[in-house]
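Biologist: Could we go through this model together? I would like to start with one helix and then move on.

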Amino acid sequence: MSEDPDRLSLADPYTVPTAHWHGLDDGRIQCDVCPRNCRLREGQRGLCFVRGRVDDQIVLASYGRSSGFCVDPIEKKPLNHFLPGSAVLSFGTAGCNLACRFCQNWDISKSRETNTLAASASPDGLARAAEKFGCRSVAFTYNDPVIFMEYAMDVADACRERGIRAVAVSAGYMNAAPRAEFYGHMDAANIDLKAFSENFYEKVTFARLPAVLETLEYLKTTDVWLEVTTLLIPGHNDSDAEIAAECAWFAEHLGPDVPLHFSAFHPDFKMRDVPRTPPETLRKARRIAREHGLRYVYTGNVHDPDGQTTVCPECDTPVIVRDWYEINDYRLNDNGGCACGAVIPGRFDGPEGGWGSRRMPLRLADPAKPGAGKHDRRALAL
Ligand code: SF4
(Lines give C-alpha, C1' and ligand atoms only; values in the text may rest on other atoms or scores of the structure.)
Protein backbone atom coordinates (compact mmCIF):
# COMPACT_ATOMS: atom_id res chain seq x y z
CA MET A 1 0.00 0.00 0.00
CA SER A 2 1.41 3.46 -0.88
CA GLU A 3 2.08 5.95 1.90
CA ASP A 4 -0.51 8.71 2.52
CA PRO A 5 0.83 11.71 0.55
CA ASP A 6 -0.90 14.11 2.97
CA ARG A 7 0.93 12.71 6.01
CA LEU A 8 3.07 15.37 7.67
CA SER A 9 6.69 14.47 8.33
CA LEU A 10 9.80 16.45 9.19
CA ALA A 11 11.69 14.01 6.97
CA ASP A 12 10.02 15.71 4.00
CA PRO A 13 12.54 18.20 2.57
CA TYR A 14 9.86 20.89 2.21
CA THR A 15 8.55 20.62 5.78
CA VAL A 16 10.06 22.98 8.37
CA PRO A 17 9.42 23.75 12.04
CA THR A 18 7.77 27.11 12.84
CA ALA A 19 7.73 29.52 15.77
CA HIS A 20 4.23 30.98 16.30
CA TRP A 21 2.34 28.38 18.31
CA HIS A 22 1.77 27.29 21.90
CA GLY A 23 0.59 24.21 23.79
CA LEU A 24 -2.84 24.04 25.43
CA ASP A 25 -3.83 22.35 28.69
CA ASP A 26 -5.92 19.76 26.85
CA GLY A 27 -2.89 18.49 24.91
CA ARG A 28 -3.68 20.26 21.67
CA ILE A 29 -1.28 22.78 20.11
CA GLN A 30 -2.59 26.12 18.84
CA CYS A 31 -1.16 27.74 15.71
CA ASP A 32 -0.95 31.47 16.44
CA VAL A 33 -0.30 32.77 12.91
CA CYS A 34 -3.83 33.86 12.05
CA PRO A 35 -7.06 34.53 13.95
CA ARG A 36 -8.33 31.04 13.10
CA ASN A 37 -6.08 29.85 15.95
CA CYS A 38 -6.32 26.23 14.78
CA ARG A 39 -6.03 23.81 17.71
CA LEU A 40 -4.46 20.63 16.50
CA ARG A 41 -3.81 17.11 17.65
CA GLU A 42 -0.82 15.13 16.40
CA GLY A 43 -0.94 14.65 12.63
CA GLN A 44 -3.74 17.19 12.01
CA ARG A 45 -3.49 20.03 9.53
CA GLY A 46 -4.92 23.51 10.02
CA LEU A 47 -7.62 25.06 7.85
CA CYS A 48 -4.95 26.43 5.51
CA PHE A 49 -3.77 22.85 4.94
CA VAL A 50 -0.06 23.75 4.64
CA ARG A 51 0.51 24.13 8.38
CA GLY A 52 -0.03 21.25 10.73
CA ARG A 53 1.17 19.44 13.82
CA VAL A 54 3.86 16.80 13.79
CA ASP A 55 6.29 15.72 16.52
CA ASP A 56 4.50 18.04 18.98
CA GLN A 57 5.13 21.25 17.08
CA ILE A 58 3.52 23.23 14.26
CA VAL A 59 5.27 22.85 10.92
CA LEU A 60 4.99 24.44 7.50
CA ALA A 61 4.80 21.79 4.78
CA SER A 62 5.35 24.00 1.74
CA TYR A 63 8.72 25.70 2.36
CA GLY A 64 10.43 26.04 -1.02
CA ARG A 65 7.48 24.74 -3.04
CA SER A 66 5.39 26.77 -5.43
CA SER A 67 2.33 26.46 -7.62
CA GLY A 68 4.18 28.35 -10.37
CA PHE A 69 6.06 31.50 -11.32
CA CYS A 70 5.23 34.35 -13.64
CA VAL A 71 6.67 37.75 -14.53
CA ASP A 72 3.83 40.30 -14.36
CA PRO A 73 3.38 44.07 -14.45
CA ILE A 74 3.39 45.45 -10.89
CA GLU A 75 0.04 47.10 -11.75
CA LYS A 76 -1.49 43.61 -11.79
CA LYS A 77 -0.98 43.08 -8.01
CA PRO A 78 -2.48 45.82 -8.08
CA LEU A 79 0.08 48.44 -7.00
CA ASN A 80 -0.13 51.75 -8.86
CA HIS A 81 2.28 53.80 -6.72
CA PHE A 82 5.11 51.29 -6.32
CA LEU A 83 7.84 51.31 -8.99
CA PRO A 84 5.27 51.97 -11.78
CA GLY A 85 5.70 50.05 -15.00
CA SER A 86 8.17 47.58 -13.48
CA ALA A 87 8.18 43.81 -13.77
CA VAL A 88 7.46 41.68 -10.70
CA LEU A 89 8.18 37.99 -10.25
CA SER A 90 4.91 36.55 -8.92
CA PHE A 91 4.52 33.24 -7.21
CA GLY A 92 2.31 31.43 -4.75
CA THR A 93 2.13 28.12 -2.95
CA ALA A 94 -1.08 26.28 -2.09
CA GLY A 95 -3.80 26.55 0.50
CA CYS A 96 -5.35 29.61 2.16
CA ASN A 97 -6.50 30.68 5.62
CA LEU A 98 -9.75 32.12 4.25
CA ALA A 99 -12.46 30.19 2.48
CA CYS A 100 -13.97 32.79 0.14
CA ARG A 101 -16.92 31.48 -1.83
CA PHE A 102 -15.94 33.76 -4.73
CA CYS A 103 -12.23 32.84 -4.75
CA GLN A 104 -10.70 33.78 -8.12
CA ASN A 105 -7.70 31.46 -7.52
CA TRP A 106 -9.56 28.52 -5.99
CA ASP A 107 -7.57 25.90 -7.92
CA ILE A 108 -4.53 27.01 -5.91
CA SER A 109 -6.06 28.15 -2.64
CA LYS A 110 -8.29 25.15 -2.16
CA SER A 111 -6.01 22.52 -3.63
CA ARG A 112 -4.43 19.76 -1.64
CA GLU A 113 -0.79 20.70 -1.81
CA THR A 114 0.44 17.39 -3.17
CA ASN A 115 -1.19 17.90 -6.55
CA THR A 116 -0.47 21.62 -6.94
CA LEU A 117 3.03 22.34 -5.70
CA ALA A 118 4.83 21.10 -8.75
CA ALA A 119 7.56 23.74 -8.81
CA SER A 120 10.22 24.36 -6.22
CA ALA A 121 12.80 27.06 -5.59
CA SER A 122 15.16 28.14 -2.85
CA PRO A 123 14.96 31.77 -1.65
CA ASP A 124 18.25 32.56 -3.36
CA GLY A 125 17.14 30.79 -6.54
CA LEU A 126 14.05 32.99 -6.66
CA ALA A 127 16.06 36.15 -6.04
CA ARG A 128 18.48 35.18 -8.81
CA ALA A 129 15.58 34.49 -11.19
CA ALA A 130 14.02 37.88 -10.40
CA GLU A 131 17.34 39.58 -11.13
CA LYS A 132 17.86 37.63 -14.34
CA PHE A 133 14.46 38.63 -15.71
CA GLY A 134 14.80 42.30 -14.75
CA CYS A 135 12.17 42.21 -11.98
CA ARG A 136 12.42 45.00 -9.42
CA SER A 137 10.32 43.06 -6.94
CA VAL A 138 8.99 39.63 -6.04
CA ALA A 139 5.32 39.26 -5.09
CA PHE A 140 3.77 36.60 -2.86
CA THR A 141 0.41 36.30 -4.51
CA TYR A 142 -2.11 33.77 -5.95
CA ASN A 143 -2.65 32.53 -2.39
CA ASP A 144 -2.09 34.25 0.95
CA PRO A 145 1.57 34.47 2.09
CA VAL A 146 0.44 34.60 5.73
CA ILE A 147 0.30 30.80 5.73
CA PHE A 148 3.82 30.33 4.29
CA MET A 149 5.40 33.28 6.09
CA GLU A 150 8.72 31.54 6.86
CA TYR A 151 9.37 30.86 3.18
CA ALA A 152 8.18 34.33 2.13
CA MET A 153 10.43 36.08 4.67
CA ASP A 154 13.48 34.14 3.52
CA VAL A 155 12.71 34.94 -0.12
CA ALA A 156 12.31 38.63 0.82
CA ASP A 157 15.68 38.62 2.62
CA ALA A 158 17.43 36.96 -0.33
CA CYS A 159 15.85 39.53 -2.65
CA ARG A 160 16.90 42.46 -0.48
CA GLU A 161 20.53 41.33 -0.76
CA ARG A 162 20.20 41.84 -4.52
CA GLY A 163 18.33 45.15 -4.32
CA ILE A 164 15.01 43.50 -5.20
CA ARG A 165 11.95 44.36 -3.11
CA ALA A 166 9.23 42.16 -1.69
CA VAL A 167 5.46 42.57 -2.08
CA ALA A 168 2.78 40.79 -0.08
CA VAL A 169 -0.67 40.38 -1.60
CA SER A 170 -2.82 39.30 1.32
CA ALA A 171 -6.23 39.32 2.93
CA GLY A 172 -4.59 40.75 6.04
CA TYR A 173 -5.96 38.02 8.30
CA MET A 174 -3.06 37.64 10.70
CA ASN A 175 -2.35 37.85 14.42
CA ALA A 176 -0.28 40.71 15.83
CA ALA A 177 3.08 39.05 16.65
CA PRO A 178 3.53 37.12 13.38
CA ARG A 179 2.23 40.17 11.50
CA ALA A 180 4.97 42.39 12.94
CA GLU A 181 7.60 39.78 12.12
CA PHE A 182 6.30 39.18 8.59
CA TYR A 183 5.93 42.82 7.53
CA GLY A 184 9.38 43.61 8.91
CA HIS A 185 10.61 41.80 5.77
CA MET A 186 8.18 43.35 3.24
CA ASP A 187 8.46 46.56 1.20
CA ALA A 188 4.88 46.83 -0.06
CA ALA A 189 1.49 45.24 0.45
CA ASN A 190 -1.82 45.12 -1.28
CA ILE A 191 -4.46 44.08 1.24
CA ASP A 192 -7.85 42.81 0.13
CA LEU A 193 -10.60 44.49 2.08
CA LYS A 194 -13.24 42.08 0.88
CA ALA A 195 -16.28 44.02 2.07
CA PHE A 196 -17.28 46.33 4.84
CA SER A 197 -19.75 44.17 6.70
CA GLU A 198 -19.25 41.58 9.40
CA ASN A 199 -22.03 39.54 7.86
CA PHE A 200 -20.23 39.28 4.49
CA TYR A 201 -16.94 38.34 6.13
CA GLU A 202 -18.54 35.64 8.25
CA LYS A 203 -20.83 34.14 5.60
CA VAL A 204 -18.77 34.54 2.44
CA THR A 205 -15.11 34.45 3.55
CA PHE A 206 -15.47 32.61 6.90
CA ALA A 207 -13.27 35.25 8.53
CA ARG A 208 -13.80 38.38 10.61
CA LEU A 209 -13.64 42.00 9.51
CA PRO A 210 -12.10 43.63 12.64
CA ALA A 211 -8.91 41.56 12.32
CA VAL A 212 -8.44 42.83 8.75
CA LEU A 213 -9.04 46.45 9.74
CA GLU A 214 -6.46 46.01 12.48
CA THR A 215 -3.88 44.88 9.91
CA LEU A 216 -4.65 47.92 7.74
CA GLU A 217 -4.21 50.29 10.66
CA TYR A 218 -1.02 48.50 11.66
CA LEU A 219 0.46 48.78 8.16
CA LYS A 220 -0.27 52.50 8.09
CA THR A 221 2.18 52.88 11.01
CA THR A 222 5.01 51.04 9.21
CA ASP A 223 7.33 51.82 6.28
CA VAL A 224 5.56 49.20 4.15
CA TRP A 225 3.92 50.88 1.13
CA LEU A 226 0.20 50.09 1.36
CA GLU A 227 -2.55 49.88 -1.25
CA VAL A 228 -5.98 48.32 -0.69
CA THR A 229 -8.33 46.43 -3.01
CA THR A 230 -12.05 45.74 -2.76
CA LEU A 231 -13.52 43.29 -5.27
CA LEU A 232 -17.10 44.45 -5.83
CA ILE A 233 -19.53 41.54 -6.10
CA PRO A 234 -22.99 42.42 -7.44
CA GLY A 235 -25.64 42.19 -4.75
CA HIS A 236 -23.19 41.18 -2.03
CA ASN A 237 -20.92 44.12 -1.14
CA ASP A 238 -21.69 46.84 -3.68
CA SER A 239 -24.46 48.90 -2.08
CA ASP A 240 -23.92 52.66 -1.91
CA ALA A 241 -24.26 52.53 1.88
CA GLU A 242 -21.60 49.84 2.31
CA ILE A 243 -19.15 51.55 -0.05
CA ALA A 244 -19.72 54.87 1.73
CA ALA A 245 -19.11 53.24 5.11
CA GLU A 246 -15.88 51.67 3.85
CA CYS A 247 -14.67 54.99 2.41
CA ALA A 248 -15.52 56.91 5.59
CA TRP A 249 -13.51 54.40 7.65
CA PHE A 250 -10.71 54.50 5.11
CA ALA A 251 -10.46 58.30 5.14
CA GLU A 252 -10.49 58.43 8.92
CA HIS A 253 -8.05 55.58 9.63
CA LEU A 254 -5.77 55.41 6.59
CA GLY A 255 -6.02 58.96 5.27
CA PRO A 256 -6.50 60.35 1.75
CA ASP A 257 -3.18 59.18 0.27
CA VAL A 258 -3.47 55.38 0.51
CA PRO A 259 -4.58 54.13 -2.93
CA LEU A 260 -7.86 52.22 -3.05
CA HIS A 261 -8.71 49.89 -5.95
CA PHE A 262 -12.25 48.77 -6.76
CA SER A 263 -12.00 45.76 -9.04
CA ALA A 264 -14.48 43.75 -11.06
CA PHE A 265 -15.64 40.27 -10.03
CA HIS A 266 -16.08 37.44 -12.50
CA PRO A 267 -18.21 34.39 -11.66
CA ASP A 268 -16.03 31.68 -10.11
CA PHE A 269 -15.80 28.82 -7.58
CA LYS A 270 -18.99 28.76 -5.46
CA MET A 271 -20.38 32.01 -6.87
CA ARG A 272 -20.91 31.13 -10.50
CA ASP A 273 -24.54 32.29 -10.32
CA VAL A 274 -23.52 35.91 -9.65
CA PRO A 275 -23.01 38.14 -12.72
CA ARG A 276 -19.86 40.09 -13.55
CA THR A 277 -19.52 43.52 -11.98
CA PRO A 278 -20.85 46.17 -14.38
CA PRO A 279 -18.22 48.87 -15.08
CA GLU A 280 -20.73 51.47 -13.90
CA THR A 281 -20.65 49.95 -10.40
CA LEU A 282 -16.88 50.48 -10.27
CA ARG A 283 -17.22 54.05 -11.47
CA LYS A 284 -19.93 54.70 -8.86
CA ALA A 285 -17.71 53.31 -6.09
CA ARG A 286 -14.86 55.51 -7.26
CA ARG A 287 -17.13 58.56 -7.18
CA ILE A 288 -18.20 57.79 -3.62
CA ALA A 289 -14.59 57.33 -2.51
CA ARG A 290 -13.55 60.63 -4.04
CA GLU A 291 -16.49 62.35 -2.34
CA HIS A 292 -15.00 61.07 0.91
CA GLY A 293 -11.73 62.82 0.12
CA LEU A 294 -9.67 59.86 -1.10
CA ARG A 295 -7.22 61.12 -3.73
CA TYR A 296 -6.06 57.92 -5.40
CA VAL A 297 -8.98 55.68 -6.26
CA TYR A 298 -8.75 53.23 -9.15
CA THR A 299 -10.97 50.81 -11.03
CA GLY A 300 -9.59 47.41 -12.00
CA ASN A 301 -10.22 44.43 -14.29
CA VAL A 302 -11.94 46.70 -16.86
CA HIS A 303 -10.90 49.19 -19.52
CA ASP A 304 -11.44 52.56 -17.85
CA PRO A 305 -8.60 55.02 -18.54
CA ASP A 306 -10.24 57.73 -16.39
CA GLY A 307 -10.52 55.39 -13.43
CA GLN A 308 -6.97 54.12 -13.83
CA THR A 309 -5.11 57.39 -14.23
CA THR A 310 -3.18 59.05 -11.41
CA VAL A 311 -3.92 62.78 -11.26
CA CYS A 312 -1.74 65.26 -9.36
CA PRO A 313 -3.90 66.58 -6.50
CA GLU A 314 -2.20 69.99 -6.64
CA CYS A 315 -2.37 70.92 -10.33
CA ASP A 316 -4.84 68.34 -11.74
CA THR A 317 -2.37 67.09 -14.37
CA PRO A 318 -2.77 63.41 -15.32
CA VAL A 319 0.69 62.22 -14.28
CA ILE A 320 0.36 58.47 -14.92
CA VAL A 321 -2.14 57.60 -17.65
CA ARG A 322 -3.02 53.90 -17.62
CA ASP A 323 -5.32 51.60 -19.50
CA TRP A 324 -5.63 48.35 -17.53
CA TYR A 325 -1.94 47.38 -16.92
CA GLU A 326 -0.50 49.55 -19.69
CA ILE A 327 1.06 52.95 -18.95
CA ASN A 328 0.35 55.29 -21.88
CA ASP A 329 1.81 58.51 -20.49
CA TYR A 330 4.18 59.13 -17.57
CA ARG A 331 4.95 62.62 -16.28
CA LEU A 332 6.70 62.13 -12.94
CA ASN A 333 10.37 62.63 -12.18
CA ASP A 334 12.53 59.85 -10.71
CA ASN A 335 11.27 60.60 -7.20
CA GLY A 336 7.56 60.72 -8.03
CA GLY A 337 7.51 64.51 -8.34
CA CYS A 338 5.07 66.37 -10.61
CA ALA A 339 6.24 69.37 -12.66
CA CYS A 340 4.23 71.61 -10.31
CA GLY A 341 6.44 70.56 -7.39
CA ALA A 342 3.97 68.22 -5.67
CA VAL A 343 5.17 64.71 -4.85
CA ILE A 344 2.86 61.75 -5.41
CA PRO A 345 2.90 59.40 -2.39
CA GLY A 346 4.42 55.99 -3.08
CA ARG A 347 7.76 54.38 -3.84
CA PHE A 348 9.27 55.93 -6.96
CA ASP A 349 12.86 55.23 -7.85
CA GLY A 350 13.89 56.12 -11.38
CA PRO A 351 11.91 56.34 -14.60
CA GLU A 352 8.80 54.34 -15.52
CA GLY A 353 9.68 50.65 -15.83
CA GLY A 354 8.52 49.93 -19.37
CA TRP A 355 7.44 46.32 -18.77
CA GLY A 356 3.98 46.98 -20.23
CA SER A 357 1.10 44.53 -19.80
CA ARG A 358 3.06 41.38 -20.66
CA ARG A 359 2.65 38.20 -18.61
CA MET A 360 5.48 35.69 -18.85
CA PRO A 361 5.13 32.29 -17.12
CA LEU A 362 8.45 30.81 -15.98
CA ARG A 363 9.78 27.41 -15.09
CA LEU A 364 12.48 27.36 -12.44
CA ALA A 365 14.61 24.33 -11.74
CA ASP A 366 16.16 25.07 -8.40
CA PRO A 367 14.99 22.74 -5.64
CA ALA A 368 15.04 24.21 -2.15
CA LYS A 369 17.58 22.62 0.14
CA PRO A 370 17.59 22.19 3.90
CA GLY A 371 19.08 25.24 5.58
CA ALA A 372 18.17 27.37 2.56
CA GLY A 373 17.25 30.45 4.61
CA LYS A 374 17.08 31.87 8.11
CA HIS A 375 13.46 30.87 8.69
CA ASP A 376 14.09 27.36 7.50
CA ARG A 377 14.66 26.49 11.12
CA ARG A 378 16.27 23.18 10.21
CA ALA A 379 19.33 25.30 9.48
CA LEU A 380 19.66 25.80 13.22
CA ALA A 381 19.98 22.07 13.77
CA LEU A 382 22.35 21.27 10.91
S1 SF4 B 1 -2.14 29.77 9.63
FE2 SF4 B 1 -3.26 27.90 9.06
S3 SF4 B 1 -2.94 26.48 10.80
FE4 SF4 B 1 -2.35 28.55 11.48
S5 SF4 B 1 -4.21 29.34 12.49
FE6 SF4 B 1 -4.23 30.07 10.36
S7 SF4 B 1 -5.42 28.51 9.23
FE8 SF4 B 1 -4.86 27.62 11.19
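Modeller: The discussion below takes up a helix, the core and the ligand. This is a predicted model, in which local features need pLDDT of at least 70 and side-chain atom pairs count only at pLDDT 80 or more, while totals for chains, interfaces and linings use all residues. Residues are numbered from 1 along each chain as its sequence is written.

Biologist: Which residues of H6 are buried?

Modeller: Val-212, Thr-215 and Leu-219 are buried in H6 (20 or more other C-beta atoms within 10 Å of the residue's own, against 12 or fewer for exposed and in between for partly exposed, with C-beta atoms placed from the backbone). They lie on the same side of H6 because they cover an arc of only 55° around the axis (the arc of the directions from the helix axis to the C-beta atoms).

Biologist: And which exposed residues does the face turned away carry?

Modeller: Pro-210 and Glu-217 are the exposed residues there.

Biologist: What do the buried residues of H6 pack against?

Modeller: They pack against helix H4 (176-183), strand E13 (188-192) and strand E14 (225-232); contact requires C-beta atoms, placed from the backbone, within 7 Å. Helices (H or I, at least four residues) and strands (E, at least two) are DSSP runs, numbered from the N terminus.

Biologist: Which residues does Ala-189 touch?

Modeller: Not counting residues up to four places away in sequence, Ala-189 touches Val-167, Ala-168, Ser-170, Leu-219, Val-224 and Leu-226.

Biologist: Changing topic, what surrounds the ligand?

Modeller: Among the surrounding residues are Cys-31, Arg-36, Asn-97 and Ile-147, where a residue counts if its C-beta atom, placed from the backbone, lies within 6 Å.

Terms used:
Two residues are in contact if their C-beta atoms, placed from the backbone, lie within 7 Å.
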